[in-house]
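Work through these exercises with the structure open beside you. Try each task before reading its solution.

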Amino acid sequence: MRCCAAIQAGSLPQRRDRRHGSAAKPMGRCALARIPGPVPGSPALPASPSRISRYRLPAFAVALVLLVGVAIASLTAVAGLRSSNAWIEHSYEVINQIEVVERSIRAVEANARAYRLTGHPDFRSEYLAAAPEVDRTIEALTMLIRDNPDQDTRARHLRDIARQHLAELRRVHDLQEARGAEAARLATDPGTVLRQWGEIEGIGSQMRRDELRLLAERKAANHRQAVQLSVIVILGMLASGAIMVILMKSLTRENRRALGLEKEARGAAHEMALSMDQVNRLSRQRHELSRYSGLLQSCTTRDEIVQLSIETILRLLPGASGRIYLLRASQKFHDSVASFGEAMISSPDALLPEDCWALRRGQMHMLAGVDRRQLGCGHLDPGMPAPGVTSICLPLSAQSGSIGLLHVSAPTEQVDHGDGIDELIGQLAEQLGLAIANLQLRETLRTQSLRDPLTGLFNRRYLEESLGRELQRCERRGLPLSVLMLDVDHFKRFNDTHGHAAGDALLSQIGRQIEAAVRDEDIACRYGGEEFTLVMPELDAASACARAERIRRQVEMTTVQHLGQQLGPVTISIGIATFPGDGYAPHLLLQMADATLYRAKAEGRNRVLHVSYAP
Ligand SMILES: Nc1nc2c(ncn2[C@@H]2O[C@H](COP(=O)(O)OP(=O)(O)OP(=O)(O)O)[C@@H](O)[C@H]2O)c(=O)[nH]1
């Protein structure tokens, strides 16, 4: 498994480009092996929290303090305004009260004078009623301005003058009551009255002016306070508003960043899950391939290898179909030795190497059904691959070169899954090629160890192995078996006359003649030297004699071509022993055939002899 447990930033394994077998685009084969980068399409995020965020709390505190300050300042200013308004009202009250005092003195003065001039009792009543009012209004004025020492002094002075004036009026009134209007008029001192009245007016004016000055000052102070309050409120609101705006912006940015991170985390989790699936699938596939490798070691026949390979291919690609081809001995055609699955793309039973790009180039050739511009192999149906089907041709190679072809077709979505299944099938093909090549090599070696190199016939070892087996088989089935011993007559003389090489050529030719004369089930061997043995299962002595005679005649009629010379002809002698009449065991039959051969030699050579010892 290519996946690693540790997380590595951004390094993904490369997927092979299946169409050309080269490394290409990155794939998420190893999900654990990555920390996902920013999710595509997500807004660019700040790498770290904004600098403002660390001042956010103090900024909130400052904004809060500002708001509280503004509130306190506003309350204080409002209280100040209320107080200043009260003083303004107070000034108006004082001014008004001064007017009231002056009016009350004038009323007393006017009624007293009217009574003196007319003697009408109504004026007298008015005078008597108005006189006490003066004291009350002056007392009220004194109460209003008692906090202002200057005004208080003036008020007291005004009260004294007013009392003196009222006392003068009273004196004149009392005189009028006692001695008549004329006496009162004569007793009136206009100078004193005018002076007192002038003083009263003067004090009143002075008090009014002073109060008007105070009123102006209080109005100005009131205005200042109102302006200050406005400034404080505006500045406070602006400052706290600005802080709030900055904080809002910071929070919005932070929120956006958090949303981005969350989206990124969701994307990463999703990718991780997909990658885990891929890792598991890859692990299963690797396991299948390693199981295949293990079992392949134990396969002893080509059929087992082919069967195991097909089973593994179908485990890796459950919907696949295809064929396995092996190169014929003629080295020309590749014959199909097995097919599997329900063929999605048909390929013939035999094909020439020129028909397949994979065989020509010695590497995988893949065709995806969607792209018809790709080079298609000649052995596939025209118009193939079909849409949605991918065709993969993989050469089976060994050290000696190409020995066959694996053709697999499968649904494109299975092949194009991003987990390198084509690579796995490629590895399987490599192992399949090597396994078949090994098997072929083993068979060749085995054949070589059982064959005589000069004649191509089986050797004596194989004879001993197979004679016992064939004898048992015939015995079980109650059938005869004949053993023929053949020996070239006067071979030493032939050797001596024509040379050892000519002797070899003769032995080789006799071997070919014997091979051509026997049936498939017969076993033709070179027993040693110029001696041959034929095991003929299911053949009785008479039939064996007939066949032996045919061989003898063929050899007798044949000459050997050696170094441009026609040599021979030679003759052979043949001794025959037959089961069950001449023996029950392999070595007994061989001994009997050998003994008969020697007897044939002794009787004159160039003959076939069977001596029946049966009772
Ligand atoms: N060229 C050649 N000669 C062989 C080979 N093996 C054995 N010989 C020779 O075969 C000859 C056998 O001679 P003999 O056993 O005397 O038999 P013969 O000369 O055939 O006489 P008869 O069997 O009695 O007819 C010997 O000279 C061996 O050297 C071989 O592989 N090649």
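Two residues count as in contact if their C-beta atoms, placed from the backbone, lie within 7 Å. The model is predicted.

**Exercise 1. Helix 2 and helix 3**

Find which residues of helix 2 and helix 3 meet, and state how the two helices are oriented.

Solution.
- Step 1: Apply the contact cut-off. Tyr-127, Ala-131, Val-134, Ile-138, Leu-141 and Thr-142 in helix 2 meet residues of helix 3. Among their partners in helix 3 are Asp-152, Ala-155, Leu-158 and Arg-159.
- Step 2: Sort the contact by class. The residues divide into nine nonpolar, two polar and two charged.
- Step 3: Take the geometry. Helix 2 (residues 121-144) and helix 3 (residues 149-179) pack at about 170 degrees, and their axes are 9 Å apart.
- Step 4: Conclude. Angles over 145 degrees count as roughly antiparallel, and helix 2 and helix 3 are therefore roughly antiparallel to each other.

**Exercise 2. Two partners of helix 5**

Describe how helix 5 packs with helix 1 and with helix 6.

Solution.
- Step 1: Start with helix 1 (residues 56-118) and helix 5 (residues 190-298). Their axes come within 8 Å and cross at roughly 165 degrees. Helix 1 and helix 5 are therefore roughly antiparallel.
- Step 2: Add the handedness. Helix 1 passes helix 5 in a left-handed crossing.
- Step 3: Classify this contact. There are 33 nonpolar, 13 polar and six charged residues.
- Step 4: Turn to helix 6 (residues 302-316). The axes of helix 5 and helix 6 come within 10 Å and cross at roughly 175 degrees. That makes helix 5 roughly antiparallel to helix 6.
- Step 5: Name the residues. Gln-285, Glu-288, Tyr-292, Leu-295 and Leu-296 of helix 5 meet Ile-305, Leu-308, Thr-312, Arg-315 and Leu-316 of helix 6. By class, six are nonpolar, two polar and two charged.

**Exercise 3. The six-stranded sheet**

Which strands stand at the edges of this open sheet, and which helices pack on the sheet?

Solution.
- Step 1: Write down the order. The six strands run 5-4-3-8-7-6, with antiparallel pairing.
- Step 2: Read off the edges. Strand 5 (350-351) and strand 6 (365-368) each have a single partner strand, so one side of each has no neighbour in the sheet.
- Step 3: Check a pair inside the order. Strand 3 (residues 321-327) and strand 8 (residues 401-411) run antiparallel, joined by six bridges. Ile-324 has Leu-406 in strand 8 as its bridge partner.
- Step 4: Add the helices. Helix 6 lies across strand 3, strand 4 (334-340) and strand 8, at about 50 degrees to strand 4. Helix 9 (residues 421-450) touches strand 3, strand 6, strand 7 (389-398) and strand 8. The direction of helix 9 makes about 35 degrees with that of strand 7.

**Exercise 4. The five-stranded sheet**

Trace the open sheet that contains strand 9 and strand 14, then place helix 14 on it.

Solution.
- Step 1: The order is 10-11-9-14-15, and the pairing is mixed.
- Step 2: Strand 10 (523-528) and strand 15 (608-610) are at the edges, each with a single partner strand, so one side of each is left without a neighbour.
- Step 3: Neighbouring strands are turned by 20 degrees against each other on average, direction ignored.
- Step 4: Eight bridges join strand 9 to strand 14 (residues 572-579), and the two run antiparallel. One example of pairing is Leu-486 with Ile-574 in strand 14.
- Step 5: Helix 14 (residues 586-602) touches strand 9, strand 14 and strand 15. Its direction makes about 145 degrees with that of strand 14.

**Exercise 5. Ligand shell and unusual backbone**

Characterise the shell around the ligand, then find two cis peptide bonds and a positive phi outside glycine.

Solution.
- Step 1: The shell has 16 residues, and Phe-491, Lys-492, His-500, Gly-503 and Gly-529 come nearest.
- Step 2: Strand 9 (481-488), helix 11 (491-498) and helix 12 (500-517) each supply at least two shell residues.
- Step 3: By class, three are nonpolar, five polar and eight charged.
- Step 4: Recall the background. Most residues other than glycine have a negative phi, and most peptide bonds are trans.
- Step 5: Gly-568 and Pro-569 are joined by a cis bond, with omega about 0 degrees. Pro-569 is in the loop between strand 13 (565-567) and strand 14.
- Step 6: The bond from Phe-579 to Pro-580 is also cis, with omega near 5 degrees. Pro-580 is in the loop between strand 14 and helix 14.
- Step 7: His-490 has a positive phi, near 50 degrees. His-490 is in the loop between strand 9 and helix 11.

Definitions and conventions:
Residues are numbered from 1 along each chain as its sequence is written. This is a predicted model: local features need pLDDT of at least 70, side-chain atom pairs count only at pLDDT 80 or more; totals for chains, interfaces and linings use all residues. A residue is near a molecule or strand if its C-beta atom, placed from the backbone, lies within 6 Å of it. Helices (H or I, at least four residues) and strands (E, at least two) are DSSP runs, numbered from the N terminus. Ala, Val, Leu, Ile, Met, Phe, Trp, Tyr, Cys and Pro count as nonpolar, Asp, Glu, Lys and Arg as charged, and the others, Gly among them, as polar. Two strands pair if DSSP finds at least two bridges between them. Axes are lines fitted to C-alpha atoms, for helices over the stretch in contact, and angles run from 0 to 180 degrees between N-to-C directions. Angles under 35 degrees count as roughly parallel, over 145 as roughly antiparallel, 65 to 115 as roughly perpendicular and the rest as oblique. A crossing is left-handed if the near helix is turned anticlockwise from the far one by less than a right angle, and right-handed if clockwise.
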